[in-house]
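Hi,

Here is the structure I promised to pass on. Have a look at it first, and then read my notes underneath.

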Amino acid sequence: MAELPARLPLDPDAVGRDLGRLVLTIVELVRQLMERQAIRRVEMGDLPDETVERLGLGLMRLEEAMTELREHFGLRAEDLNIDLGPLGPLLPRQDRD
């Protein structure tokens, strides 16, 4: 068995980008789950109009923040959809920026 080097040659920019990609992927997954839950609750009609307005505004702001963070790391929305091999992609396919 070959001996592993004491240090792996890593590109700090690539490591930062990949870590950013992983974190943003997790945040995007949670954002989509929250959005689906909010839509279900709105469709059930069990939320006051003020709450519906706050939910919509909060989800829009979160989506804007995600767009800014993706741009900061040089990522596209599809870059966050990690392929889980035989399980398929992590996120549902969407037509987004």
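Below is what I found, starting with the whole chain and ending with a few single residues.

Please keep in mind that this is a predicted model.

**The chain as a whole**

The protein chain contains two helices and zero strands. Its radius of gyration is 18 Å, whereas the globule rule gives 13 Å for 97 residues, so the chain is more spread out than a compact globule. The C-alpha trace tells you its extent along the principal axes: about 65 × 30 × 25 Å.

How much of the protein chain is buried? Buried residues make up 19% of the 97 residues. The accessible surface comes to about 7800 Å², and carbon and sulfur atoms hold 59% of that. If we take the contacts with a separation of 6 or more, 64% of them are between residues 24 or more positions apart.

On charges, I count 13 positive and 20 negative side chains in the protein chain. The centres of the two sets lie 3 Å apart.

**The two helices**

Helix α1 covers residues 12–44. It has 33 residues and reaches 48 Å from its first C-alpha to its last, close to the 48 Å expected at 1.5 Å a residue. Just after α1 comes Gly45, with a positive phi of about 80°.

Helix α2 takes in residues 49–72. Its 24 residues should span 34 Å at 1.5 Å a residue, and the end C-alpha atoms are 35 Å apart, which agrees. Here too a glycine follows: Gly74, just after α2, has a positive phi of about 70°.

Which residues of each helix are buried, and what do they pack against? In α1 they are Gly20, Leu24, Thr25, Glu28, Arg31, Gln32 and Ala38, and these pack against α2. In α2 they are Leu59, Met66 and Arg70, and these pack against α1. You will notice charged side chains in both lists: Glu28 and Arg31 in α1, and Arg70 in α2.

When you read those lists, it may help to recall that an α-helix has 3.6 residues a turn, so residues three or four places apart point the same way.

**Three residues to look at**

Ala38 is a good place to begin. This residue of helix α1 has a relative accessible area of 8%, which is under the 20% cut-off, so it counts as buried. Leaving out residues up to four places away in sequence, Ala38 touches Leu55 and Leu59. Leu59 is itself one of the buried residues of α2. By contrast, Ala38 and Gly85 are 30 Å apart, C-alpha to C-alpha, with their positions 47 residues apart in sequence.

Next to it in sequence is Ile39, also in helix α1. Is Ile39 buried, partly exposed or exposed? At 41% relative accessibility, Ile39 counts as partly exposed. Its C-alpha atom is separated by 9.3 Å from that of Gly56, 17 residues away along the chain.

On the other helix, Val52 belongs to α2 and is partly exposed, at 28% relative accessibility. Apart from neighbours within four places in sequence, Val52 is in contact with Val42 and Leu47. The C-alpha atoms of Val52 and Arg31 are separated by 16 Å, and the two residues are 21 apart along the chain.

Happy to talk any of this through once you have the model open.

Best wishes

Conventions. Residues numbered from 1 in each chain as written. Heavy atoms only, no water. Helix = DSSP H or I, 4+ residues; strand = E, 2+ residues; numbered from the N terminus. Rg over C-alpha atoms; globule rule 2.2 N^0.38 Å. Buried < 20%, exposed > 50% of the residue type's maximum accessible area, 1.4 Å probe, protein only. Contact = heavy atoms within 4.5 Å. Areas by Shrake-Rupley, 256 points an atom, 1.4 Å probe, with all protein chains shown as cover. Lys, Arg positive; Asp, Glu negative; His and termini not counted. Charge placed at Lys NZ, Arg CZ, Asp CG, Glu CD. Expected span 1.5 Å × (residues − 1).
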